[in-house]
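Trainee: Could we take a close look at a single part of this model? I would like the charged contacts explained, along with their surroundings.

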Amino acid sequence: MKVVVENLTGTLFYIQVGNDATVEDLKKEIEAQQKLPCDRLILILDTDSSPLMTKEEEKASLIDCGVQDGSHIYLFFNPLDDDSKDHFVFTSP
């Protein structure tokens, strides 16, 4: 399956993963291709319900999360753990 990923700057790139891939597999492929730390990635699927692919869902298959061939996924990052008291949290509407 091939998905399109859009980062915070609006740049699009394509990621190819197997049809049986998990969220974790997708994150690792993004890390390998884009040199981004997979442990900080937040993935949001562009659908009506906008499910947030959380750490707890990493072992779930992409298909179970609603991802299909050609799906558009938005890429965000968890903040660095810098002992700062100001942290932002993304929530689903």
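Mentor: Here is a walk through the salt bridges, followed by the parts around them.

This is a predicted model. The chain averages a pLDDT of 83, and 77% of the residues score at least 70. Confidence peaks in strand S2 (residues 12-16), at a mean of 97, and is lowest in strand S4 (residues 52-53), at 65.

Now the charges. The count is three salt bridges. Start with Glu24. Its carboxylate pairs with Lys28, with the closest N and O atoms 3.9 Å apart. The cut-off is 4 Å, so this pair qualifies. Lys28 and Glu24 are four residues apart in helix H1, which means about one helical turn separates them. Lys28 is partly exposed, at a relative accessible area of 43%.

Glu24 has a second partner, Lys59, and here the closest N and O atoms are 2.7 Å apart. Glu24 belongs to helix H1 and Lys59 to the loop between S4 and S5, so this pair ties together parts 35 residues apart in sequence. Lys59 is exposed, with 63% relative accessibility.

The remaining bridge links Glu58 and Lys27, whose closest N and O atoms are 2.9 Å apart. Glu58 sits in the loop between S4 and S5 and Lys27 in helix H1, so these tied parts are 31 residues apart in sequence. Glu58 and Lys27 are both buried. Through shared partners, Glu24, Lys28 and Lys59 form one network.

Next, look at Thr22. Thr22 lies in the loop between S2 and helix H1 (23-34). Its relative accessible area is 16%, so Thr22 counts as buried. Beyond its neighbours within four places in sequence, Thr22 contacts Glu58, Lys59, Ala60, Ser61 and Leu62. Glu58 and Lys59 therefore each touch Thr22 and bridge to helix H1.

Leu62 leads into the nonpolar core. The largest such core has 19 residues, and those with the most contacts inside it are Val3, Ile15, Leu26, Ile30 and Leu62. Strand S1 (2-6), S2, H1, strand S3 (41-45) and strand S5 (72-77) each give two or more residues to this core. Val3 touches residues including Phe13, Ile15, Leu26 and Ile73.

Beside Val3 in sequence comes another charge. The charged end of Lys2 sits over the ring of Tyr14, 5.1 Å from its centre. Aromatic pairs, by contrast, number zero.

Last, go past the helix. Lys35 is in the loop between H1 and S3. Lys35 is not a glycine, yet has a positive phi of about 60 degrees. Lys35 is exposed, with a relative accessible area of 67%.

Methods: Residues numbered from 1 in each chain as written. Predicted model: local features only at pLDDT ≥ 70, side-chain atom pairs only at ≥ 80, totals over all residues. Heavy atoms only, no water. Phe/Tyr/Trp six-rings, centres within 6.5 Å; stacked < 30°, edge-to-face > 60°. Lys NZ or Arg CZ within 6 Å of the ring centre and 35° of its normal. pLDDT = per-residue confidence, 0-100. Buried < 20%, exposed > 50% of the residue type's maximum accessible area, 1.4 Å probe, protein only. Contact = heavy atoms within 4.5 Å. Core = buried A, V, L, I, M, F, W, Y, C linked by side-chain atoms within 4.5 Å. Salt bridge = Lys/Arg side-chain N within 4 Å of Asp/Glu carboxyl O.
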